[in-house]
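Thanks, everyone, for making the time this morning. I would like to walk through one structure with you, going from the strands to the charged side chains, so please keep the view open while I talk.

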Amino acid sequence: QVQLVESGGGLVQPGGSLRLSCEASKLVLDYYAIAWFRQSPGKELEAISCLTRNGGTEYYADTVKGRLTVSRDNEAWTANTVYLQMNNLIPADTGVYYCARRIEPYKDCSPVTTDYADWGQGTQVTVSS
């Protein structure tokens, strides 16, 4: 079983920035799309962003477009981490952020939660003054 580990969450003031990390393995990132999801208080789990194995990106929530960037570590020997850079954070960004692996290899991104497996434990992001 593949294990994904998120980190980088925390408490930040509105307008601040955070960079979340999702550590997997280079082999996983070479074959599978990795997506970020968010569970906000009182809301359903929603897709935020995704990175394909070829470096393609998707941003699903209108509220995050232009403020979030998903990327992969490009150093060959450490290319096992997907990042979610979050800028100009707003209170609505508060929630637990999860990364997950697309179940099928070679597939493009999808916003559907059931298309993903090996969910990490999540990292809490709180945006508050």
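Let me begin with β4 and β5, which pair in the antiparallel sense over five bridges, and I should say at once that this is a predicted model. If you want a place to anchor your eye in that pairing, take Phe-37, whose bridge partner in β5 is Ala-47. Six residues lie between the two strands of this hairpin, and in the hairpin Gly-42 takes a positive phi near 75°.

Staying with β5, which covers residues 46–51, five of its six residues are buried, so the strand is largely enclosed by the rest of the structure. β5 also runs antiparallel to β6, to which it is joined by three bridges, and here Leu-51 has Thr-57 in β6 as its bridge partner. The hairpin of β5 and β6 has five residues between the strands, and its Gly-55 takes a positive phi near 95°.

Moving along the chain, we come to β7, which is joined to the antiparallel strand β8 by five bridges. Which side chains of β7 are buried, and which are not? Leu-68, Val-70 and Arg-72 point to one face and are buried, whereas Thr-69 and Ser-71 point to the other face and are not. Arg-72, which pairs with Val-82 of β8 as its bridge partner, has a relative accessibility of 18% and therefore counts as buried, the cut-off being under 20%.

That arginine brings me to the charged side chains, and a search of the whole structure finds seven salt bridges. In one of them the side chain of Arg-72 meets that of Asp-30, at 2.8 Å from N to O. This pair links distant parts of the chain, since Arg-72 is in strand β7 and Asp-30 in helix α1, residues 26–31, with their positions 42 residues apart in the numbering. Asp-30 itself counts as partly exposed, at 26% relative accessibility.

A second salt bridge joins the side chains of Arg-38 and Asp-93, at 3.3 Å from N to O. Arg-38 lies in strand β4 and Asp-93 in the loop between β8 and β9, so the pair ties together parts that are 55 residues apart in sequence. Both residues are buried, Arg-38 with a relative accessible area of 3% and Asp-93 with 1%.

These two residues also belong to a network of salt bridges that links Arg-38, Glu-46, Arg-67 and Asp-93. Arg-67 is found in the loop between β6 and β7, and it is buried too, with a relative accessible area of 11%. Its side chain reaches the backbone oxygen of Asn-88 at 3.1 Å, and, leaving aside neighbours within four places in sequence, the residues in contact with Arg-67 include Gln-85, Met-86, Leu-89 and Asp-93.

For a contrast in surroundings, look at the salt bridge between Asp-62 and Lys-65, where the closest N and O atoms are 3.2 Å apart. Here Asp-62 is exposed, with a relative accessible area of 62%, and Lys-65 counts as partly exposed at 45%.

I will finish on the surface, where Leu-27, Tyr-31 and Tyr-106 make a nonpolar patch of about 340 Å². Of these, Tyr-31 lies in helix α1 and is partly exposed, with a relative accessible area of 33%.

Definitions and conventions: Residues numbered from 1 in each chain as written. Predicted model: local features only at pLDDT ≥ 70, side-chain atom pairs only at ≥ 80, totals over all residues. Heavy atoms only, no water. Helix = DSSP H or I, 4+ residues; strand = E, 2+ residues; numbered from the N terminus. Buried < 20%, exposed > 50% of the residue type's maximum accessible area, 1.4 Å probe, protein only. Polar contact = N/O pair within 3.5 Å; in protein donor to acceptor, adjacent residues only side chain to side chain. Contact = heavy atoms within 4.5 Å. Salt bridge = Lys/Arg side-chain N within 4 Å of Asp/Glu carboxyl O. Patch = residues over 30% accessible without salt bridge, like charges linked within 9 Å, V, L, I, M, F, W, Y side chains within 5 Å. Areas by Shrake-Rupley, 256 points an atom, 1.4 Å probe, with all protein chains shown as cover. Pairing = 2+ DSSP bridges.
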